[in-house]
Structure formats: structure tokens, C-alpha cells
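Student: Hey, I've just opened this one and don't know my way around yet. Can you walk me through it?
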Amino acid sequence: MGWLLGLLSPTIVNKIKDNYDRKSFFEAVKTELSELSFQLCITGFKLGQEYGQLDKNGIQVIKTQLSAYQGSENIKNITKLLNLLLNASDDEFIIIMKSQRAQQGRSLSLKTHSISLLDSNPKGISRLPIEVQSKIYEFKNKLNIYNQEVLWLREHVKLTFIPDMTSANHTNVTNDIHQRYADLQKICESICKKVHAIKESKV
């Protein structure tokens with residue numbers, strides 16, 4: 001490769017290098033987003049089980065997203081559970097889903113997510129096609145909303161442990177938390193779709 005580049009003009013050489021660097025950067029971005037999407041896909045499924053809404057169509061979407069995952073995490077157990085739900089009769093499905101609903105007052109331990117490669121490489125993003133840049137910034141905005149919601153939930157879960165809170169206020173706070181969990185499920189689904197759109201893009 002080196003001897004070939006030596007025969008070409010500096011302008012052509014730079015174009016080849018830029019194209020290689022752009023593609024290498026985008027592949028690294030897709031790897032980072034794949035890991036994030038996997039985690040949020042699982043989180044969205046958990047939120048849907050306990051607080052939101054999940055039907056077989058939604059579960060099939062989750063299964064399809066997980067089947068595309070090529071990272072190091074083991075997906076056998078979650079895939080087995082998804083297949084169980086998909087193969088259940090309608091009555092069995094309703095019974096299983098009802099059994100997995102969260103009890104009143106139960107909360108989840110959720111974490112915020114960072115995207116260090118994208119956050120630290122604005123120049124790399126600027127070299128990508130405009131349509132891909134647009135998709136990336138849409139994704140980043142949605143992830144920021146997710147992180148803000150997680151922080152809101154952390155603070156409000158703490159309120160439920162205030163000893164002198166009235167029963168009525170405790171119920172109101174708990175109901176607000178459960179609704180935000182349900183809303184967060186939809187945010188997870190949206191992020192996973194945006195990641196898929198980015199990964200399917202061509203550079």
C-alpha cells in the first residue's frame with residue numbers, strides 16, 4: 001500500500017487517508033453505539049415489563065434488536081425469555097406479563113450513559129456525511145433526555161424515604177415515579193431505533 005501511495009499526488013493521498021480515517025471512525029462509533037443500544041434495549045424491556053406497556057409486536061422488535069448484537073454480553077437467557085413470551089398463547093401472555101408488574105413503591109436502579117467516543121471527537125463527526133451527522137445529533141439529544149430522566153428519578157426515589165411524608169404525598173410521588181418509568185421505556189425504544197438508523201447508514 002505504501003509504495004502505491006508514493007506514486008500518487010499528495011491531494012489524492014490525503015483523500016484516500018481521509019476516506020480511510022472516516023470509515024474507521026464510523027466503525028468505532030457503531031461499536032460504541034451497539035453496546036449502548038444493547039444496554040438500553042434491556043432497560044426498555046425491563047421498564048416495559050414492570051411499568052410500561054409491552055405486546056408481542058414490541059417484544060419481537062426487542063428480539064430483532066438483540067439478535068443483531070455482536071458484543072461480548074451473553075444474550076441467551078434474555079432471548080429464551082423473549083421466545084417464551086412470543087410463543088405463549090394470548091391468555092398465557094397476559095398472565096405472565098401481569099405477574100411481572102412492579103409492586104407499588106418498587107423502584108429500579110438505573111444508570112446514566114455516556115458516549116465517550118462521540119463526545120470527544122466532534123471533528124470526526126464533522127467528517128461524516130451531513131445526513132449521518134444529523135442522525136447522530138438526534139440520537140445524542142434523545143440520550144441526553146434519557147440521562148436527565150434518570151437523574152430526576154434518582155432524586156424523587158429518595159423522597160419516598162422521607163420519614164415524615166404524609167401517606168397522600170408518598171402516593172403522589174410514587175405514582176409520578178411509576179409514570180416516568182413508563183415514559184422512559186418509550187425513550188429507550190426511540191434511542192434504540194435511532195442507533196439502528198445510524199448503524200445502517202453508509203459513509
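Student: How much space lies in the largest pocket?
Tutor: About 280 Å³. A pocket here is an open set of points on a 1 Å grid over the protein atoms alone, where a 1.4 Å probe fits, with protein on both sides within 12 Å along at least five of seven lines. The volume is the space filled by probe spheres set on the points, joined across faces, edges and corners.

Student: Which residues are closest to its centre?
Tutor: Ser37, Gln65, Ala68, His196 and Lys199, out of 16 lining residues; lining means having an atom within 4 Å of a point.

Student: And which elements give two or more residues to that lining?
Tutor: Helices H2 (10–50), H3 (56–67) and H9 (167–199), with H2 giving the largest share, 5 residues. Helices are DSSP runs of H or I, at least four residues, numbered from the N terminus.

Student: Is this a predicted model, and what's counted?
Tutor: The model is predicted: local features need pLDDT of at least 70 and side-chain atom pairs 80 or more, while totals for chains, interfaces and linings use all residues. Residues are numbered from 1 along each chain as its sequence is written, and side-chain values use heavy atoms, leaving out hydrogens and water.

Student: New topic: how many disulfides are there?
Tutor: 0, taking a disulfide as two cysteine sulfur atoms within 2.5 Å.

Student: Why doesn't Cys41 bond with Cys192?
Tutor: Because their sulfurs are 4.8 Å apart, too far for a bond.

Student: Is Cys41 buried or exposed?
Tutor: Buried, at 4% relative accessible area; the cut-offs are under 20% for buried and over 50% for exposed, with a 1.4 Å probe and protein chains only. Cys188 is buried too, at 1%.
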